[in-house]
Amino acid sequence: MKIVNYYKSHPVKSNVKSLLRSNEYLYETLMRLSTKYYDLRYRAKIKSHINNLMSLDKLPLFRQIQFETVSKCSGTCSFCPVNRFDDPRPTLFMDEDLFKDIIGQLRSLKFTGNVKFHSNNEPLLDKRIVSFVKYARKNLNARLALWTNGKALTIEKFKDLLDNLDELVVNNYNDNLVWNKRTAQIIKYCKENNYPSENLRIQMRLENEKMSTRAGQALNRSRIRTLRSQCLYLFKQISVRPDGKISLCCYDALGSVTLGDLKKESILDIWYGEAFNEYREKIVKGREYINNCASCDVIHYNQSYGK
């Protein structure tokens, strides 16, 4: 078990960041400068990697699939466009047959990449999620992960999930740096039962943090100058909404772009299909050719490159 509370372990840095946050203009300026630095640092490497992928006879299969089995979140984070106060999406639950069909397709493809049971939602709002994780574990030789805010995480669910996941992350969102009731119970249980699990991470997060622009959809960030870096997500990831529709990427929280429908098409047909290829060609030209990407400051080179 790894407990991460950056705000207490690095109080000086945290206090400096808190001071900067009080000046919204200054903090926004520093964030943009930081983004500009990473844009310059990784631009050529990302371009080279995409060029190598595009030169292949056939694009490799995605290395990560994220899907939501429920469309809602119980969080109130101001940086998230789908927090429970502002989420405009209808409440949807993924049909169980659709879920099993997706897992079946991944199994037939011998998929060994990353399967994530979360995206822009709180997965534990779906009471079936533990059984879904167990089903995937039984049928796939892949790396399974789930991130949760922990508000609905009972000890029983915690044990079942940890037994079947390669990664369980509990993000405790609280501006006063206080563990919520369920997270505190999990920490206590782990300490009392000497849980050394390497696949568990519990971390303190802020509800009102300023983070990425989330493809221009973040509620507490202003529009940025379009980055010159291309993006690897369209070459590495597939993101499934509860109705089976495929979003542009995991940062398209509102599902403003749809690249396919798993109720009508196979996952392979979508991945190699016209819509995906059209958007890949656009991102190769530049982020300004896709509305979401033109407003996005995410550069995930380290996490995406070569995986």
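## Strands and how they pair

Two strands count as paired if DSSP finds at least two bridges between them. With that in mind, welcome to this predicted model, where strand β8, residues 245-247, and β9 pair in the antiparallel sense over three bridges. Within this part of the structure, Ser247 stands opposite Thr258 in β9.

## The sheet as a whole

Now step back to the full sheet. It is open and made of nine strands with mixed pairing, and the order runs β1-β6-β5-β4-β3-β2-β7-β8-β9. Its edge strands are β1 (2-4) and β9 (258-261), each of which pairs on one side only. On average, neighbouring strands of this sheet are turned by 20° against each other, direction ignored.

## Helices on the sheet

Two helices are worth finding next. Helix α4, covering residues 96-108, packs on the sheet and touches β2 (64-67), β3 (114-116) and β7 (237-240). The direction of α4 makes about 175° with that of β2.

Helix α10, covering residues 274-285, also packs on the sheet, where it touches β7, β8 and β9. Its direction makes about 160° with that of β9.

## The nonpolar cores

In soluble globular proteins, nonpolar side chains tend to be buried together. Here, the largest nonpolar core has 70 residues, and those with the most contacts inside it are Ile65, Leu106, Val115 and Phe117. What does Val115 touch, not counting residues up to four places away in sequence? The list is Ile65, Phe67, Leu106, Leu140, Ala142, Arg143, Leu144 and Ala145.

There is also a second, separate core of five residues, and among them are Cys77, Phe79, Val82 and Ala253.

Key. Residues are numbered from 1 along each chain as its sequence is written. This is a predicted model: local features need pLDDT of at least 70, side-chain atom pairs count only at pLDDT 80 or more; totals for chains, interfaces and linings use all residues. Side-chain values use heavy atoms; hydrogens and water are left out. A nonpolar core is a set of buried Ala, Val, Leu, Ile, Met, Phe, Trp, Tyr and Cys residues joined through side-chain atoms within 4.5 Å. Buried means under 20% relative accessible area, exposed over 50%, partly exposed in between (1.4 Å probe, protein chains only). Contact means heavy atoms within 4.5 Å. Helices (H or I, at least four residues) and strands (E, at least two) are DSSP runs, numbered from the N terminus. Axes are lines fitted to C-alpha atoms, for helices over the stretch in contact, and angles run from 0 to 180 degrees between N-to-C directions.
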